[in-house]
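I opened my notebook to walk through this structure step by step. Come along and check each entry against the picture as we go.

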Amino acid sequence: MSEFGGGRILPFAEIRGRPVVDAAGETVGRVRDLAVLLRGLFPVVTKLIVATPGKAELSVSWELVGGVSPDRRAPLVLTARRAEIPEARLRGDEMRLGQGLLDKKMVDTARKKVVRVNDFELRESDLGLQLVAVEVGLRGLLRHLHAEGPIDRLCRSLGWRLPREAVSWEVVEPVEADLTRARLTAVYAKLARLHPADIAD
């Protein structure tokens, strides 16, 4: 169970790159990205961005995703056949996580410091899959580079513990991202609570 409460936590890096198949078991492509709705305390995942053969992208409503298996090698299975899947274009108040925030800088307003996003933590809840935290430490970076497993095993064999450093989404704000006009009106809401000297830093 995560410190952020609720259900199972799924790292973004463990979803990105997975194969996607339709209801008939036919290959659709691979997960390229996820889009979230920038509303509420913890944004909800609304779109699945699939890289299809030929390098084209298909944006699929998250409601058509049958679930995410804990097996990192298992595909995401859609609940409709490929020919029946409508194109779900992103709205102005939605943002792609990988394209918009991964590897970007954010402000941790609780600790008053700038951090770099290495991964995201997504939580299963009654509302769907929600963005609850960003990972800014070594473990998140290694997962992003697909090297977490071997390094974690090495550390355990030496009696070390690979640290996890996650920051709740409710206390971070982007400072280096492609933001929509709707998001720009509220992006500095948390920063406004800081002392002017801290904002300058």
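**Entry 1: aromatic pairs.** I looked for aromatic rings that pair up in this predicted model, and the count came to one pair. Its members are F12 and F120, whose ring centres lie 5.5 Å apart with the planes at 80°, so I noted the pair as edge-to-face. Next I looked up where the two sit. F12 belongs to the loop between β1 (9-11) and β2 (19-21), while F120 is in strand β10, so the pair ties together parts that are 108 residues apart in sequence. Are these two buried or exposed? I found that F12 is buried and that F120 is buried too.

**Entry 2: a charge over a ring.** While I was looking at rings, I checked F42 as well. The charged end of R123 sits over the ring of F42, at 5.3 Å from the ring centre.

**Entry 3: strand β10 and its partner.** F120 had already led me to β10, so I followed that strand along. It covers residues 119-125 and is joined to β11 by seven bridges, with the two strands running antiparallel. I picked out L122, which stands opposite L131 in β11. How many residues does the hairpin between β10 and β11 pass through? I wrote down two.

**Entry 4: strand β11.** I then asked how covered β11 is. Of its eight residues (128-135), seven are buried, so the strand is largely enclosed by the rest of the structure. β11 also pairs with strand β12 (residues 166-168), antiparallel and over three bridges. To find this pairing in the picture, I used E135, whose bridge partner in β12 is A166.

**Entry 5: strand β3.** Here I repeated the burial check. Eight of the eleven residues of β3 (residues 27-37) are buried, so this strand too is largely enclosed by the rest of the structure. Then I went through its partners one at a time.

- With β2, I found three bridges in the antiparallel sense. V21 stands opposite T27 in β3. The two strands form a hairpin with five residues between them, and G25 in the turn has a positive phi of about 85°.
- With β4 (residues 44-51), I found seven bridges, and the strands run antiparallel. R30 has A51 in β4 as its bridge partner. This hairpin has six residues between its strands, and G40 in the turn has a positive phi of about 80°.
- With β7 (residues 94-96), I found three bridges, again antiparallel. V36 has M95 in β7 as its bridge partner.

**Entry 6: one residue in β4.** I wanted to see the surroundings of a single residue, and I chose T46, which has its place in strand β4. What is the relative accessible area of T46? I read 18%, and since the cut-off for buried is under 20%, T46 counts as buried. Leaving aside residues up to four places away in sequence, I listed what T46 touches: A35, V36, L37, V60, S61, W62 and E94. One of these, V36, was familiar to me from the pairing with M95.

**Entry 7: an open sheet.** Which strands make up the open sheet, and in what order? I found three, in the order β9-β8-β13, with antiparallel pairing. β9 (113-116) and β13 (172-174) stand at the edges with a single partner strand each, so one side of each is left without a neighbour in the sheet. Neighbouring strands here are turned by 35° against each other on average, direction ignored. I also followed β8 (residues 105-108) to β9 and found four bridges between these antiparallel strands. D108 stands opposite K113 in β9. A reminder to myself: strands of a sheet pair through backbone hydrogen bonds, either parallel or antiparallel.

**Entry 8: the whole chain.** Last, I stepped back for the overall numbers. The chain holds five helices and 13 strands. Buried residues make up 46% of its 201 residues. For contacts with a separation of 6 or more, I noted that 57% are between residues 24 or more positions apart. The chain exposes about 10800 Å², and carbon and sulfur atoms supply 53% of that area.

Technical notes. Residues are numbered from 1 along each chain as its sequence is written. This is a predicted model: local features need pLDDT of at least 70, side-chain atom pairs count only at pLDDT 80 or more; totals for chains, interfaces and linings use all residues. Side-chain values use heavy atoms; hydrogens and water are left out. Buried means under 20% relative accessible area, exposed over 50%, partly exposed in between (1.4 Å probe, protein chains only). Two strands pair if DSSP finds at least two bridges between them. Contact means heavy atoms within 4.5 Å. Accessible areas come from the Shrake-Rupley method with a 1.4 Å probe; for residues, only the protein chains shown count as cover. Rings of Phe, Tyr and Trp (its six-membered ring) pair if their centres lie within 6.5 Å; planes under 30 degrees apart count as stacked, over 60 as edge-to-face and the rest as tilted. A charge sits over a ring if NZ of Lys or CZ of Arg is within 6 Å of the ring centre and within 35 degrees of the ring normal. Axes are lines fitted to C-alpha atoms, for helices over the stretch in contact, and angles run from 0 to 180 degrees between N-to-C directions.
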